[in-house]
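Reader: I'm new to reading protein models. Could you walk me through some features, one at a time?

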Amino acid sequence: MAFLTLEQVNKFYGELAAVRDVDLSVAKGEFVSLLGPSGCGKTTTLQMIAGLVEPTSGRITLDGRDITHEKPNRRGLGIVFQSYALFPHMTVAQNVAFGLEMRKVQRAERDTRVADMLALVHLAGMADRYPRQLSGGQRQRVAIARALVIEPPVLLLDEPLSNLDAKLREEMQFELRRIQRSVGTTTIMVTHDQAEALSISDRVVVMEAGCMTQVDAPYRLYEKPATPFISSFVGRMNRLEGIWWPNGPIGTVEVAGAMLPSEAADLPAGAAVTASIRPEKLLLHKAGEGRLNGNVASRFFLGGHWLFNVETPAGVIVVSMPNHGEEPAREGERVGIDWAPASLRIEASAGGTVS
Amino acid sequence: MSRSPAAPWLLVSPGAVLFLGLVLVPLVLTVILSFLTYNYDTGIGDSYTLAHYGRVLSDSYYLEIFWRTLRLAFLTTLLCALIGAPEAYILSRMRSPWRSIFLLVIIGPLLVSVVVRAFGWSMLLGSTGLVNAALGVLALGPVRLLYTETAIVIALVHVMLPFMVIPVWTALQKLDPMVETAAWSLGASRFAALRRVVMPQVSIGLLSGSLIVFGLSASAFAIPGLLGGRRLKMAATLVYDEYMQELNWPMGAAIAIIVLLANLVIMLAYNRAVEARARRALG
Ligand SMILES: Nc1ncnc2c1ncn2[C@@H]1O[C@H](COP(=O)(O)OP(=O)(O)O)[C@@H](O)[C@H]1O
Ligand SMILES: [Mg+2]
């Protein structure tokens, strides 16, 4: 059951289409991320939902009510801004209480709700501090508490974690998800960080140049990216241009003379295709024991896993391998790469010709 | 490289000499002058007296001028705040080319001599001036404007407005525009957001602007001189008249010192309030 819907929403700045033909429906209690590179229209989409930007055309409904042209202060949505936009002249408690004051909530109820909310975001001891006396992560929590205390039907977050350092960002991701789970508020988060979007969302919406190109659960988005752009934007992807030949129940891709077993595809023999495979789906063996031999050009130790750039006849292939606690192949060593044929995905090349 | 211990003194000496020579010495001389006796026949005497201060503080003629000075300076400050703050807010919300253009329009008057501006206003406000001509067309009859307190206040507000707009504008520049948006999203009306979120943060600019406007208005000379006429004097014009018309220099000096002290007391008290507020708002 759709709680928040966007129907054919467009936003033009003069000739520039910041957001084009966006259709989205979000269920109650869902956590949806808008993911895309900078300038693809994520903020504009979020601000149209918030009422801070007027759509050029289209319709936005909330719980069956048309809110397309409603003023932001009448929508009652909770918004967390990228800069947090806390009120610098008010204490933490006053910041959080502001929305309740505007709703004319009685003093006593206001105080308990503010205290409850501060406890939820683990800031109970900070009520009388000013924003300038807080760390980045604490400000972030104040911003979330301030937006949630009014019990908004929808919580909107614009790059909420981008001002935090890497370690804190990871912590806050899970913290954000915990808070969202415990209050159950429908949440839409904008981010350009694919790891962030994948780790905490129920569904991820990928935007490219103003359009939504895929809306899917994180796992499916990763496994079945709808466009080449998504496959390289979300995680790493090895992409090889080749020619496809049927081969019994599976297929074979011919890349620069090398014959690589792949998934089956409904394509004519000799079709130009792009084969793609994730680095972690590849295995490293001794030379000659894999499906494709190559030389390790460089390797990187990333703690949890190793990353290898392997030079093969088919081009440079990135291989990721978990760290098993022993040193794997060195730079310059000759190795064999292996994979399950079904994980080498095939799609017809854009503008590809049948040879 | 070791520095000579005299270096700091040498470095501040040009400034110190300038300050001593141009501010402190004349001020001390004025204070001394204000205690000297004066006789219309023989001029300035060489014995000391408190008579000038006594006369200024007991004669209703002088007290009325002091009172008018404070009143008009206060009124000018209030009007500047009421006009300047919204003006600065609108300015800060303008888009790129317009913002610079309007800022120039606001600062523009500062590029014209205050005497020229005062003459401009006297032409506009005169009995046959543009304002009265317009009122005549609307059949609202000629109104006496020139040589009234109204004329002085109008011209003072015009001259002082930039000194209010600029500090408020500077304070607004430091404001995250999203903060106001955040207030809307929390259910605040535009007015509530202005009152609860924007105003408290620009109040320091408003208060320091008021300080400048009040100080400059209370000691304004050209505008009351040209638009107030011979009859409506303010403190600075009074001092001028004592010196140049009455030739009673000690009396003029006593008035100048009283004006200075009054201004100083008011501004220091006000400044304390501003600083207390700044500490609370910004820490
Ligand atoms: N107020 C505006 N005026 C003109 N162009 C804008 C405005 N806001 C955004 N844009 C343009 O719209 C596009 C999308 O912007 P935005 O939604 O902020 O992207 P994102 O948040 O994904 O980085 C960008 O090309 C940006 O330059
Ligand atoms: Mg953005």
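Author: Sure. This is a predicted model, so let's begin at the start of helix 5 of chain B. There, a side-chain oxygen of S113(B) comes to within 3.1 Å of the backbone nitrogen of V115(B).

Reader: Okay. How far apart should the two ends of helix 5 of chain B be?

Author: Helix 5 of chain B has twelve residues, 114-125, and at 1.5 Å a residue that should give a span of 16 Å. The C-alpha atoms at its ends are 16 Å apart, so the expectation and the model agree.

Reader: Which residues of helix 5 of chain B are buried?

Author: They are R117(B), A118(B), W121(B), S122(B) and L125(B). Now the general idea: an α-helix has 3.6 residues a turn, so residues three or four places apart point the same way. Back to our case: the buried residues of helix 5 of chain B cover an arc of only 140° around the axis, and therefore sit on the same side of the helix.

Reader: What covers those buried residues of helix 5 of chain B?

Author: The cover includes helix 6 (130-137), helix 7 (149-173) and helix 10 (222-227), which also belong to chain B.

Reader: Let me zoom out. How many helices and strands does chain B have?

Author: Twelve helices and two strands. Along the sequence the pattern reads α-β-β-α-α-α-α-α-α-α-α-α-α-α. The C-alpha trace of chain B spans about 80 × 75 × 35 Å along its principal axes. Of its 283 residues, 41% count as buried.

Reader: And what share of the contacts in chain B with a separation of 6 or more comes from residues 24 or more positions apart?

Author: That share is 68%. You can see a distant pair in T37(B) and M251(B): they are 214 residues apart in sequence, yet their C-alpha atoms are 9.1 Å apart in space. T37(B) belongs to strand 1 (residues 36-39) of chain B.

Reader: Is T37(B) buried, exposed or partly exposed?

Author: Partly exposed, because its relative accessible area is 23%; the buried class stops under 20%. Leaving aside neighbours within four places in sequence, T37(B) has contacts including G43(B), Y48(B), H52(B) and P250(B).

Reader: Now the two chains together. How much area do chain B and chain A bury between them?

Author: About 1,800 Å², with 64% of it on carbon and sulfur atoms. On the chain B side, S185(B), L186(B) and R196(B) lose the most area to chain A, together 36% of what that side buries. The contact involves 21 residues from chain B and 23 residues from chain A.

Reader: Which residues touch the most other members of the largest nonpolar core?

Author: L4(A), L6(A), F87(A), F98(A), L156(A) and I188(A), out of 79 residues in that core. Its largest share, seven residues, comes from helix 3 (residues 92-102) of chain A. Apart from it lies another core of 39 residues, among them L72(B), V168(B), V202(B) and L227(B).

Reader: What does F98(A) touch?

Author: Not counting residues up to four places away in sequence, F98(A) touches F87(A) and M90(A), and on chain B A183(B), L186(B), A188(B), R196(B) and V197(B). You met L186(B) and R196(B) a moment ago, among the residues of chain B that lose the most area to chain A.

Reader: What about backbone angles? I've heard of phi.

Author: The general idea first: most residues other than glycine have a negative phi. In this model, phi of D63(A) is near 55°, a positive value in a residue other than glycine. A85(A) is another case, with a positive phi near 50°.

Reader: Where do D63(A) and A85(A) lie?

Author: D63(A) is in the loop between strand 4 (57-62) and strand 5 (65-66) of chain A, while A85(A) is in the loop between strand 6 and helix 3 of chain A. D63(A) is exposed, because its relative accessible area is 54%. A85(A) is buried, at 1%.

Reader: One last spot: which side-chain contact does S343(A) make with the backbone oxygen of A340(A)?

Author: A polar atom of the S343(A) side chain lies 2.7 Å from that oxygen. S343(A) sits in the loop between strand 19 (334-338) and strand 20 (345-348) of chain A, and it counts as buried because its relative accessible area is 18%.

Definitions and conventions: Residues are numbered from 1 along each chain as its sequence is written. Chains are lettered from A and ligands numbered from 1 in the order in which they are written. This is a predicted model: local features need pLDDT of at least 70, side-chain atom pairs count only at pLDDT 80 or more; totals for chains, interfaces and linings use all residues. Side-chain values use heavy atoms; hydrogens and water are left out. Helices (H or I, at least four residues) and strands (E, at least two) are DSSP runs, numbered from the N terminus. The expected span of a helix is 1.5 Å times one less than its number of residues. Buried means under 20% relative accessible area, exposed over 50%, partly exposed in between (1.4 Å probe, protein chains only). The arc is that of the directions from the helix axis to the C-beta atoms. Contact means heavy atoms within 4.5 Å. A polar contact is a pair of N or O atoms within 3.5 Å; within protein, one must be able to donate a hydrogen and the other to accept it, and residues adjacent in sequence count only if both atoms are side-chain atoms. A nonpolar core is a set of buried Ala, Val, Leu, Ile, Met, Phe, Trp, Tyr and Cys residues joined through side-chain atoms within 4.5 Å. Buried area is the accessible area (1.4 Å probe) that two parts lose on being put together, summed over both.
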